[in-house]
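Please walk me through this structure, from its nonpolar interior to its charged pairs. I would like to know which residues meet and where they sit.

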Amino acid sequence: MPEFTGECAKPQRRSIGARRNPATEAAILDAACDLLREKGVHGLTMEAVARRARAGKATLYKWWPNRGALLVAVYERSKGTHQHKDMGNLVDTIAEFYRYVFAFWKTSEGQVFRLIIAEAQSDQDVAEALERYRLERLAALSEAVGWAQACGELREGVEPDALADTIMAAAWLRLLTDRLTTDPHRLARDVVSGWIVEKQ
């Protein structure tokens with residue numbers, strides 16, 4: 001299993017209030033990031049994070065209902081929100097998505113996603129947090145596939161959600177089988193070729 005060795009910044013923070021304080025949130029996520037790097041995924045507990053961040057456990061549970069949600073939040077912060085780009089055709093659009101995500105997954109911060117997927121096999125909280133994240137990303141990817149449908153690029157009867165699920169599954173499979181050097185454009189072409197209208 002890969003180790004997480006990413007670095008975490010340490011911003012100054014003020015007291016915790018009723019609303020989510022950005023500095024406090026950053027301090028908690030930094031603490032979670034440090035623990036993940038130092039002790040691995042099993043060392044990331046709500047109690048340990050609260051102690052490291054000098055925050056109340058009630059605050060953690062108010063913002064993240066369990067360690068699964070917190071673990072996914074650590075990953076999401078390092079990855080950032082990926083905005084799909086319309087590259088003019090579906091193959092190029094999906095190739096750009098694969099290129100971005102494969103590059104990130106090769107980093108130490110990106111390898112956290114492999115840890116999350118592995119932990120989800122035995123931890124229900126992590127599994128539920130991962131599924132929520134998957135559905136959010138699937139919705140964004142389905143929207144991108146919908147661009148191709150609106151242009152008449154998809155075969156009749158193709159459901160964008162089903163195609164998006166296939167596209168995402170191909171990406172996750174490459175991560176789990178350590179094949180992130182796969183050519184993004186070739187993979188995109190192989191995955192979507194059966195779903196699009198062939199050019200005459």
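The paragraphs below take up the core, the aromatic rings and the salt bridges in turn.

This is a predicted model, and the nonpolar interior is a convenient place to begin. The largest nonpolar core has 65 residues. Within this core, Tyr98, Trp105, Phe113 and Ile167 have the most contacts. Helix 5, which covers residues 90-105, supplies the largest share of the core, with 10 residues. Ile167 shows what such a position looks like: leaving out residues up to four places away in sequence, Ile167 touches Ile94, Phe97, Tyr98, Leu141, Val145, Val191 and Val192.

The aromatic rings come next. A pair of aromatic rings is described by the distance of the centres and the angle of the planes. The structure holds 10 aromatic pairs. One of them is formed by Tyr98 and Phe102, which are stacked with 5.5 Å centre to centre and 10 degrees between the planes. Tyr98 and Phe102 are four residues apart in helix 5, so about one helical turn separates them. Tyr98 has a relative accessible area of 0% and is buried; Phe102 is buried too, at 2%. Trp105 and Phe113 form another stacked pair, with centres 5.7 Å apart and planes at 15 degrees. Trp105 counts as buried because its relative accessibility is 2%, and Phe113 is buried with a relative accessible area of 1%. These four residues also belong to a cluster linked by ring pairs, whose members are Tyr75, Phe97, Tyr98, Phe102, Phe104, Trp105, Phe113, Tyr133 and Trp172.

The charged residues follow. Side chains of opposite charge can pair when their charged atoms come close. Across the whole structure there are nine salt bridges. In one of them, the side chains of Asp34 and Arg37 meet with 3.3 Å from N to O. Both residues lie in helix 1 (residues 22-39), and they are three residues apart, so about one helical turn lies between them. Asp34 is buried, at 4% relative accessibility, whereas Arg37 is partly exposed with a relative accessible area of 26%.

Arg134 takes part in a salt bridge with Glu131, where the closest N and O atoms are 2.9 Å apart. Glu131 and Arg134 are both in helix 7 (residues 124-150), three residues apart, or about one turn of the helix. Arg134 also forms a salt bridge with Asp165, the closest N and O atoms being 3.4 Å apart. Asp165 lies in helix 8 (residues 160-176) and Arg134 in helix 7, so this pair ties together parts that are 31 residues apart in sequence. Arg134 counts as buried at 19% relative accessibility, a value under the 20% limit for buried residues. Glu131 is partly exposed at 34%, and Asp165 is partly exposed at 35%.

Arg67 completes the picture of the charged residues. Which residues are linked with Arg67 in a network of salt bridges? They are Glu119 and Asp123. Arg67 belongs to helix 4 (residues 67-79) and counts as buried because its relative accessibility is 15%. The Arg67 side chain also reaches the backbone oxygen of Val41, at 2.6 Å. Apart from neighbours within four places in sequence, the residues in contact with Arg67 are Val41, His42, Leu44, Met46, Glu119, Asp123 and Val126. Its contacts therefore include both Glu119 and Asp123 of the salt-bridge network, together with Val41, whose backbone oxygen the Arg67 side chain reaches.

Technical notes. Residues are numbered from 1 along each chain as its sequence is written. This is a predicted model: local features need pLDDT of at least 70, side-chain atom pairs count only at pLDDT 80 or more; totals for chains, interfaces and linings use all residues. Side-chain values use heavy atoms; hydrogens and water are left out. Helices (H or I, at least four residues) and strands (E, at least two) are DSSP runs, numbered from the N terminus. Buried means under 20% relative accessible area, exposed over 50%, partly exposed in between (1.4 Å probe, protein chains only). A polar contact is a pair of N or O atoms within 3.5 Å; within protein, one must be able to donate a hydrogen and the other to accept it, and residues adjacent in sequence count only if both atoms are side-chain atoms. Contact means heavy atoms within 4.5 Å. A nonpolar core is a set of buried Ala, Val, Leu, Ile, Met, Phe, Trp, Tyr and Cys residues joined through side-chain atoms within 4.5 Å. A salt bridge is a side-chain nitrogen of Lys or Arg within 4 Å of a carboxyl oxygen of Asp or Glu. Rings of Phe, Tyr and Trp (its six-membered ring) pair if their centres lie within 6.5 Å; planes under 30 degrees apart count as stacked, over 60 as edge-to-face and the rest as tilted.
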